[in-house]
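Me: I'd like to go through how the protein chains meet the DNA here. Can you take my questions one at a time?

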Number of protein chains: 4
Amino acid sequence: MPEREPDSTPPRRRSERARTAVLNATAALIEEVPYPRLTIEAIAARAGVGKQTIYRWWPSRGAIVFDSLLERSGGADASLPDSGDLQADLSAFLRASADEMASPSTGAFLRAVTVEILQDDGVAQQYRDRLLTPQRSAVRRRLAVSQDAGMLRDDLDLDVLVECLLGPLVGRWLLGPGPLEVDFADAVVDVALRGAIR
Amino acid sequence: MPEREPDSTPPRRRSERARTAVLNATAALIEEVPYPRLTIEAIAARAGVGKQTIYRWWPSRGAIVFDSLLERSGGADASLPDSGDLQADLSAFLRASADEMASPSTGAFLRAVTVEILQDDGVAQQYRDRLLTPQRSAVRRRLAVSQDAGMLRDDLDLDVLVECLLGPLVGRWLLGPGPLEVDFADAVVDVALRGAIR
Amino acid sequence: MPEREPDSTPPRRRSERARTAVLNATAALIEEVPYPRLTIEAIAARAGVGKQTIYRWWPSRGAIVFDSLLERSGGADASLPDSGDLQADLSAFLRASADEMASPSTGAFLRAVTVEILQDDGVAQQYRDRLLTPQRSAVRRRLAVSQDAGMLRDDLDLDVLVECLLGPLVGRWLLGPGPLEVDFADAVVDVALRGAIR
Amino acid sequence: MPEREPDSTPPRRRSERARTAVLNATAALIEEVPYPRLTIEAIAARAGVGKQTIYRWWPSRGAIVFDSLLERSGGADASLPDSGDLQADLSAFLRASADEMASPSTGAFLRAVTVEILQDDGVAQQYRDRLLTPQRSAVRRRLAVSQDAGMLRDDLDLDVLVECLLGPLVGRWLLGPGPLEVDFADAVVDVALRGAIR
DNA sequence: TCGTAAACGAGACGGTACGTCATGTCTTCTG
DNA sequence: CAGAAGACATGACGTACCGTCTCGTTTACGA
């Protein structure tokens with residue numbers, strides 16, 4: 001999606017100015033207008049860029065939106081601290097995630113990207129590879145440390161545990177009754193680690 | 001969303017034939033064409049119905065899609081059995097849910113509805129009220145029985161536990177690495193009930 | 001070109017309002033803007049009409065321009081008076097023609113139509129059938145009266161004579177050095193009738 | 001239009017290779033594609049030349065087309081023979097002209113140039129100066145010889161007579177009902193010289 | 001003989017117009 | 001009079017070219 005790496009001639013003279021203008025315009029519009037109004041024409045106009053420039057470098061609106069998201073959260077280093085207290089570390093991470101998802105600006109972005117993911121496998125794959133997998137790997141690594149230290153059940157599939165931690169946040173954000181609040185993160189960590197059975 | 005009960009004229013002579021034809025055409029198209037091709041014109045043509053008839057009775061494409069989903073899964077009585085074995089009951093329920101989400105036909109439908117939910121608060125509200133809340137309430141009722149019987153921690157917020165059970169499925173279905181498989185349901189129930197700590 | 005008489009269904013519900021607006025807008029623009037700026041979009045905007053309405057009823061810009069010309073010169077009854085004096089009748093007719101061709105508004109129209117004729121055989125055919133042939137026939141009929149009366153050489157091909165009268169005007173209008181003036185019409189009639197040889 | 005003689009810097013290092021390639025590509029395309037497809041980009045691609053090279057040396061598409069026409073008919077020495085028989089000399093000349101206009105390749109070229117003349121006064125002026133005036137002067141000189149010899153009426157404006165000879169050809173070529181045939185040339189000469197009156 | 005300045009090929013840029021498609025409204029005709 | 005048919009105004013779509021503007025590369029002086 002970005003940079004059209006595959007095939008033929010690598011485009012040598014792409015204008016960084018135009019690329020940045022498009023991604024910024026997209027980010028701005030995502031928060032300003034309802035998603036169906038985020039048209040290619042609107043992006044081109046807002047960016048002061050020709051439509052052809054957009055069509056030349058991006059295959060679809062979804063790709064632009066995703067690139068724009070990458071640009072804004074690109075530097076995010078996905079790794080959890082290890083304070084020794086697993087529950088505290090997970091809570092901190094999930095609270096931060098919940099906070100971000102609940103913020104109006106990131107929220108609009110995530111909603112937009114999700115719409116694209118649901119309709120475009122290419123975007124879905126990119127999202128998984130570039131954002132989701134790194135995030136989940138980071139969580140998984142932190143869990144593995146604790147498991148190796150004997151603090152987690154040995155028979156546990158860590159990938160499942162990761163889902164049990166992050167899934168509820170996604171579910172609540174996407175459909176969940178009521179808004180996504182930070183306390184929810186703590187409660188999820190509590191259930192996932194200690195279980196529900198008395 | 002349907003029947004537009006509020007305001008103006010109560011629609012006295014609505015044609016049941018047209019209504020059914022529209023919902024069926026929508027259901028058929030959802031599985032046949034990519035979602036952006038599910039246009040109002042395509043639905044009207046497929047249903048053999050005038051566009052105005054659609055605009056008269058539904059406020060948006062999302063509303064049609066949602067009504068169509070309601071129609072197909074309307075009879076589904078959302079309640080869990082109580083065999084006495086909570087884990088078994090939850091596993092059975094989650095496996096059935098996972099199965100349905102993974103099926104191609106229901107999957108396409110859910111994807112479509114999710115796209116609409118993300119862009120249309122009206123659809124989101126309807127979805128919550130008519131499908132989600134009943135489902136979650138059913139799970140919650142089953143959990144409450146066990147909690148009353150002293151089998152679950154008293155300090156537990158059952159709504160959170162419901163999310164911890166269903167959220168991972170949603171997360172996996174929506175973004176998760178790899179497909180949603182039935183074993184995953186068992187693993188989730190295991191973690192949510194027993195916890196991860198050794 | 002107009003009314004798409006041939007084929008399939010006669011379009012019964014065409015909006016006369018839209019049709020007239022398009023033709024008027026075209027006529028106005030032809031005099032106001034250079035011809036390459038006479039775009040379909042400009043016509044649609046000026047006429048307050050959707051582009052699709054234009055594409056539905058006209059196959060090309062040329063067709064619109066020609067229809068617009070027809071509309072404005074539609075009522076023109078192409079027939080020459082017969083005062084008994086052939087030379088006077090022809091002079092009067094050619095002077096009127098020259099006058100019209102030299103006028104700024106008709107001139108712009110004729111230039112536009114000529115451009116289209118040169119690039120679109122359909123328009124060329126229409127132009128011949130609807131405007132040119134009637135005009136030339138009218139001249140020819142007047143000549144035939146004189147020939148029957150023995151006032152013109154019997155061995156003369158009247159079609160050629162018609163061209164010898166009208167052709168010089170066209171040539172002068174199109175390319176001719178200097179503007180087309182009314183005296184020129186008299187001179188042409190003089191040469192065509194009396195010849196150049198002493 | 002060509003060589004941009006006036007003003008500022010005389011272009012000293014213009015590539016003759018590029019110039020020829022452009023004119024040849026234009027000539028080839030004129031016969032191969034409909035005129036609206038004769039784009040600058042198509043010419044540049046066909047000629048293996050950068051667009052900027054074209055814009056550097058020609059101000060418009062019309063200028064290129066005209067230069068291309070000049071190049072192909074440049075050597076044509078516009079002068080009529082004087083065999084003593086005016087009618088024969090004129091007939092020969094007009095037949096040759098008619099022949100050329102009727103040929104498919106010259107025809108396409110003339111049509112293209114005419115389109116440009118109608119829309120671009122610069123091209124029109126160039127066409128008059130470089131091609132039309134020399135041709136008409138040649139005819140006029142031949143007529144003057146005969147007039148001086150007393151073979152033509154003294155009161156005759158020779159410029160008008162020239163138009164009466166060439167105009168009908170132009171008219172027939174441009175609009176005329178039916179194709180332009182060589183016999184037509186003879187008939188025109190006959191009328192113009194002898195007149196129509198018995 | 002070798003800079004050096006121009007013209008060159010290539011092609012990206014900000015744009016306009018194209019012709020098509022879908023929208024949501026409106027009008028006309030039919031059952 | 002509800003509903004089908006479909007014309008209407010609007011405006012986004014993706015494509016083709018426009019004319020301008022760099023890029024590096026030849027090419028032909030003139031120092």
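Me: Which residue of chain C puts a polar backbone atom 2.9 Å from a phosphate oxygen of DNA strand F?

Reply: This is a predicted model, where local features need pLDDT of at least 70, side-chain atom pairs count only at pLDDT 80 or more, and totals for chains, interfaces and linings use all residues. Residues count from 1 along each chain as written, with chains lettered from A and ligands numbered from 1 in written order, and side-chain values use heavy atoms, leaving out hydrogens and water. Polar contacts here are pairs of N or O atoms within 3.5 Å. A polar side-chain atom of C:Arg17 makes one with a strand F phosphate oxygen at 2.9 Å, but the backbone one you're after belongs to C:Ser15.

Me: And which residue of chain A has a backbone N or O atom 3.0 Å from a phosphate oxygen of that strand, DNA strand F?

Reply: Helix H2 (40-47) of chain A gives two or more residues to the surface near strand F (helices are DSSP runs of H or I, at least four residues, numbered from the N terminus). The residue with that backbone atom is A:Glu41.

Me: What share of the atoms of DNA strand F within 4 Å of the protein belongs to sugar or phosphate?

Reply: Near means a heavy atom within 4 Å, and 36 residues surround strand F, with A:Tyr55 and C:Trp57 among those that come nearest. Bases make up the rest of those strand atoms, and sugar or phosphate accounts for 67%.

Me: How far apart are the nearest C-alpha atoms of chain A and chain C?

Reply: Contact would take heavy atoms within 4.5 Å. Chains A and D have none, with closest C-alpha atoms 16 Å apart. Chains A and C don't touch either, and for them the figure is 17 Å.

Key. Polar contact = N/O pair within 3.5 Å; in protein donor to acceptor, adjacent residues only side chain to side chain.
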